[in-house]
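Visitor: I'd like a close look at one part of this protein, the place where two of its helices pack against each other. Could you walk me through it and show how it fits into the rest of the chain?

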Amino acid sequence: MLSNFLQKFSHALNKTSGFFKENFNKLLSNFTTVDKNLIGSIEQTLIESDAGVTLAREITEDLGRLNREKKIKTAQDAINYIQKKFTDLLSKLNYELQTSSSSPTIYMFVGVNGTGKTTSIGKLAYLLKNQNKKVILAACDTFRAAAIEQLEIWSKRADVEIVKQLRGADPAATCYDALEKA
């Protein structure tokens, strides 16, 4: 069941992956050799692709060192290194969903608008419900238009409870109410 969820999640990342590939293909067409400009463009592309500042800097520092050591000479060499780095990082991930030693287990989703948090919450709720877990969703995003309504739709699809308040209500109060209910 978790494997199926991860496959669906992986499929949902195709949009980000497409952005990532498109930007790196542009880099390949604009640069042939590795220099400070290419490395700077790679760092910017990694950050814009949500790789994270720390990882982007680690990769670009490695690229600079490998270039100085003459181990990476072309832009394609740099892209190949980045692909290998991501493959190595992803292969080490633990895909097992962690639970708390004491109830309730709380999963909090945070991120920018439009990245699939609500959809992921709904899918996770469905997965956990099918594992005979008691699931309660808390509609704590009380300010974004239609956020509560979207989570309500997912709670119905997954057949799980939802704790909500009116739009504009205190998010902490909603969270508190959900914890009390749990």
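Guide: Sure, with one thing up front: this is a predicted model. Let's get our bearings before zooming in. The protein chain has eight helices and two strands, and from the N terminus on they run α-α-α-α-α-α-β-α-β-α. Of its 182 residues, 29% count as buried. If you take the contacts between residues at least 6 apart in sequence, 55% of them join residues at least 24 apart.

Now for the part you asked about, H3 against H5. The axes of these two helices come within 11 Å and cross at roughly 35 degrees, and the crossing of H3 past H5 is right-handed. On the H3 side you'll find Leu38, Ile42 and Leu46, and they meet Ala75, Ala78, Ile82 and Phe86 in H5. Sorted by class, that contact comes out as seven nonpolar residues, with no polar and no charged ones.

Leu38 is a good one to click on. Leu38 sits in helix H3, and its relative accessible area is 1%, so it counts as buried, the cut-off being under 20%. Ignoring neighbours within four places in sequence, Leu38 is in contact with Leu27, Phe31, Thr33, Ala75 and Ala78. Take Ala78 from that list: it is 40 residues away from Leu38 in sequence, yet the two C-alpha atoms are 9.2 Å apart in space.

Step back a little and the pair becomes part of a bigger picture. The largest nonpolar core has 20 residues, and those with the most contacts inside it are Leu38, Ile42, Leu46, Ile59, Leu63 and Ile82. Helices H2 (14–30), H3 (36–48), H4 (53–68) and H5 (75–91) are the elements that each give two or more residues to this core. H5 gives the most, with six.

Leu63 is another residue worth a look here. Again leaving out neighbours within four places in sequence, Leu63 is in contact with Ile39, Ile42, Ile72, Ala78, Tyr81 and Ile82. Ile42, Ala78 and Ile82 also turn up where H3 meets H5.

Further along the chain there's a second, separate core of 12 residues, including Ile121, Leu128, Leu137 and Val160. And for the outside view, the accessible surface of the chain comes to about 12,300 Å², with 53% of that belonging to carbon and sulfur atoms.

Definitions and conventions: Residues are numbered from 1 along each chain as its sequence is written. This is a predicted model: local features need pLDDT of at least 70, side-chain atom pairs count only at pLDDT 80 or more; totals for chains, interfaces and linings use all residues. Side-chain values use heavy atoms; hydrogens and water are left out. Helices (H or I, at least four residues) and strands (E, at least two) are DSSP runs, numbered from the N terminus. Buried means under 20% relative accessible area, exposed over 50%, partly exposed in between (1.4 Å probe, protein chains only). Contact means heavy atoms within 4.5 Å. Accessible areas come from the Shrake-Rupley method with a 1.4 Å probe; for residues, only the protein chains shown count as cover. A nonpolar core is a set of buried Ala, Val, Leu, Ile, Met, Phe, Trp, Tyr and Cys residues joined through side-chain atoms within 4.5 Å. Axes are lines fitted to C-alpha atoms, for helices over the stretch in contact, and angles run from 0 to 180 degrees between N-to-C directions. A crossing is left-handed if the near helix is turned anticlockwise from the far one by less than a right angle, and right-handed if clockwise. Ala, Val, Leu, Ile, Met, Phe, Trp, Tyr, Cys and Pro count as nonpolar, Asp, Glu, Lys and Arg as charged, and the others, Gly among them, as polar.
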